[in-house]
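Hello,

Here is the structure we spoke about. Please open it alongside these notes and go through them residue by residue.

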2 protein chains.
Amino acid sequence: MTEHSTATELVGRLVAGDRRALARAISRVENADPDLPGIMSALASRTGRARVVGLTGAPGVGKSTTTDALTRALRAQGHSVAVLAVDPSSPFSGGALLGDRIRMQEHAGDRQVYIRSMASRGHLGGLSWAAPHALRVLDAAGFDVILVETVGVGQAEVEIARHADTTLVLSAPGMGDGVQAAKAGVLEVADLLVVNKADREGAHATIRELRQMVSQGSREEQDWKPRIVSLVAARGEGVDELVDRITEHERYLRDSGMLHRRRRQRAREEIEAIALAGLRTRLGALWDGAQRQAMLDKLADQVATGGTDPYTAADTLLAELS
Amino acid sequence: MTEHSTATELVGRLVAGDRRALARAISRVENADPDLPGIMSALASRTGRARVVGLTGAPGVGKSTTTDALTRALRAQGHSVAVLAVDPSSPFSGGALLGDRIRMQEHAGDRQVYIRSMASRGHLGGLSWAAPHALRVLDAAGFDVILVETVGVGQAEVEIARHADTTLVLSAPGMGDGVQAAKAGVLEVADLLVVNKADREGAHATIRELRQMVSQGSREEQDWKPRIVSLVAARGEGVDELVDRITEHERYLRDSGMLHRRRRQRAREEIEAIALAGLRTRLGALWDGAQRQAMLDKLADQVATGGTDPYTAADTLLAELS
């Protein structure tokens, strides 16, 4: 069996609803399998249908609880739901899978819900590949809505939000000053600002603060002001309003032509990232020559001992390549 | 004044001990100033002398307390100390500077101590540049020891550890299972395993666990087993032993030739990263052409609507470039 027919076969099975094929395809994304181009090619005509909703926010604001509540509400409306929990802070896989199984228990037997954690491997560049590829796979598998939830913290949050059609930025009362600062940073990617644990003391202050930030903020899309939604995800309070707001944003995206513009921009970035990786591979191939390895070693020695700086060394190397 | 002479002048001043010039040079690193190649070139002959010690570990284990305790102990031995606190999880600068000033108060008037926080900007690639460049600047400024402390969490921890000669991985008793897993992940970069808050309940269990991990772990350098050091950084207990262990590791690095090998490897990675960025710029320049912009837009449209996959699109684009 050729590699290509394997990819086609795998895609055929996942499109037909085979969950094991789906799990395998995402594992191949996670492991940066050499077969990925074949899989993505076989998937392409099946993509572009799913709605992608991103959930981000500092640890402790209740991202998974909100994801779970949203999953239930969307299922109640008859939508199939995939949850992709991306942990950009961990280069290690496997650990989160136990969590997946626990979270799946509620939906055991419901084939219209699929929950999957994905680690993005050690390499920093890995992140920019893994999430959009996994979204393609879940999209092709036919899910109506994909909830992308970030695990962990950091700038990667913002990265992942960029893959979503609608981005929810979660906060919670009493998370301290650091969170307030973080809010300011993610505000520009937020389509909806969700204040979870809104039954806690300080909720009004948080909402007031967010409202002020929204009024001062400048967004690319001037015609959409991020809505603020109060939530008590653990008790399901406010979830229906949240779903309505998500639907409202979806309508705005479609009506304004923004949905296509966003998706095209994401596709551009994906293509550029892959093209760049292609160049990197070429560069790597050039460096495999023993002569060039020796040259790089020599340059590295010079840099390590202060004989030259890394920029001059890189110039020397690039001059050699062209 | 030409840009080059500005870089030379700035470096001249920072090498002479001008702390404002030093602060400005690091800000230029942080802001990816176009002048960086000039600065790095002017610095080169002054680098390679400082010892770089990295401190990493989950939030709450006491990284800053340990850094402060180490700073005091190293000063007591007559070494000059620079502290670089890198926050890879935050694309925002400025906030940490208040913290710097508070931490500096203890050493006010001591010109042999310099403390600086650095945010790594929004771009993921920024990380790989900022830390090694800032280390070069501090090295050229003449500090005997540079303590690199990571703020925040995640895989970036491991990245930053790679820039250090000696990497300290901190843990603390009672940090839960997640931390235990993280320990396993960072074990391969740890030269010294520091159990802070060793007066707390559970310290023995943590030490036992780490000991077991060390005995099972496989490291590149077979002849150095990560030492486990108990510490109560807040009271200064165990700090002298920690300094001794760091010195012991330094001796090992020098005697085994490992110090040069590690630094050469780091220089290789720096050169490759800069060369790759150079290629990326070239690629960007090629894409600036209106014709190619139109082509990329067309390809992105096709990918966004499922007409093709990003790999095929990237191939088409690269074929156009060569």
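**What turned up**

B:V83 sits in strand β2 of chain B, which spans residues 81–87. This is a predicted model, so please read what follows in that light. B:V83 is buried, because its relative accessibility is 1% and the cut-off for buried is under 20%. Its C-alpha lies 6.1 Å from that of B:Y114. Along the sequence, B:V83 and B:Y114 are 31 residues apart.

**A histidine that reaches the other chain**

B:H133 belongs to helix α6 of chain B, residues 126–140. Is B:H133 buried or exposed? It is buried, since its relative accessible area is 1%. The side chain of B:H133 makes a polar contact with the side chain of A:Y311, at 2.7 Å. Leaving out residues up to four places away in sequence, B:H133 also touches five residues of its own chain: B:V29, B:L36, B:M40, B:E270 and B:I274.

**A lysine on the outside**

B:K298 is in helix α12 of chain B. It counts as exposed because its relative accessible area is 54%, and the cut-off for exposed is over 50%. From B:K298 to B:A313 is 15 residues along the chain. Their C-alpha atoms are 9.5 Å apart.

**The cavities**

How many cavities of 30 Å³ or more does the whole structure hold? The search finds 3. The largest has a volume of about 290 Å³. Its lining is made up of 16 residues. Closest to the centre are A:R136, A:D139, A:R263, A:R266 and A:E270. Which elements give two or more residues to this lining? From chain A they are α6 (126–140) and α11 (258–287). From chain B it is α12 (290–304). B:K298 is in that helix α12 of chain B. By class, the lining has 8 nonpolar, 5 charged and 3 polar residues.

**Chain A as a whole**

Chain A has 322 residues, and 52% of them count as buried. It has 13 helices and 7 strands. Take the contacts in chain A between residues at least 6 apart in sequence: 77% of these join residues at least 24 apart.

**Where to trust chain A, and where to take care**

The mean pLDDT of chain A is 80. In this chain, 76% of residues reach 70 or more. Which elements of chain A have the lowest and highest mean pLDDT? Helix α8 (residues 176–186) has the lowest, at 49. Helix α10 (residues 239–256) has the highest, at 95. Two stretches of chain A deserve a look. Over residues 122–127 the pLDDT is below 50. The model still gives that stretch 16 contacts beyond near neighbours in sequence. Over residues 177–184 the pLDDT stays under 50. There the model has 8 contacts beyond four places in sequence.

**A backbone detail in both chains**

A:K197 has a positive phi, near 55°, and is not a glycine. It lies in the loop between β6 (192–195) and α9 (203–216) of chain A. B:K197 also has a positive phi, about 55°, and is not a glycine either. Its place is the loop between β6 (192–195) and α9 (203–216) of chain B.

Please send back any questions.

Best wishes

Technical notes: Residues are numbered from 1 along each chain as its sequence is written. Chains are lettered from A and ligands numbered from 1 in the order in which they are written. Side-chain values use heavy atoms; hydrogens and water are left out. Helices (H or I, at least four residues) and strands (E, at least two) are DSSP runs, numbered from the N terminus. Buried means under 20% relative accessible area, exposed over 50%, partly exposed in between (1.4 Å probe, protein chains only). A polar contact is a pair of N or O atoms within 3.5 Å; within protein, one must be able to donate a hydrogen and the other to accept it, and residues adjacent in sequence count only if both atoms are side-chain atoms. Contact means heavy atoms within 4.5 Å. pLDDT is the predictor's confidence in each residue, from 0 to 100. On a 1 Å grid over the protein atoms alone, a cavity is a set of points where a 1.4 Å probe fits but cannot get out, and a pocket is an open set with protein on both sides within 12 Å along at least five of seven lines; lining residues have an atom within 4 Å of a point. Grid points are joined across faces, edges and corners, and a volume is the space filled by probe spheres set on the points. Ala, Val, Leu, Ile, Met, Phe, Trp, Tyr, Cys and Pro count as nonpolar, Asp, Glu, Lys and Arg as charged, and the others, Gly among them, as polar.
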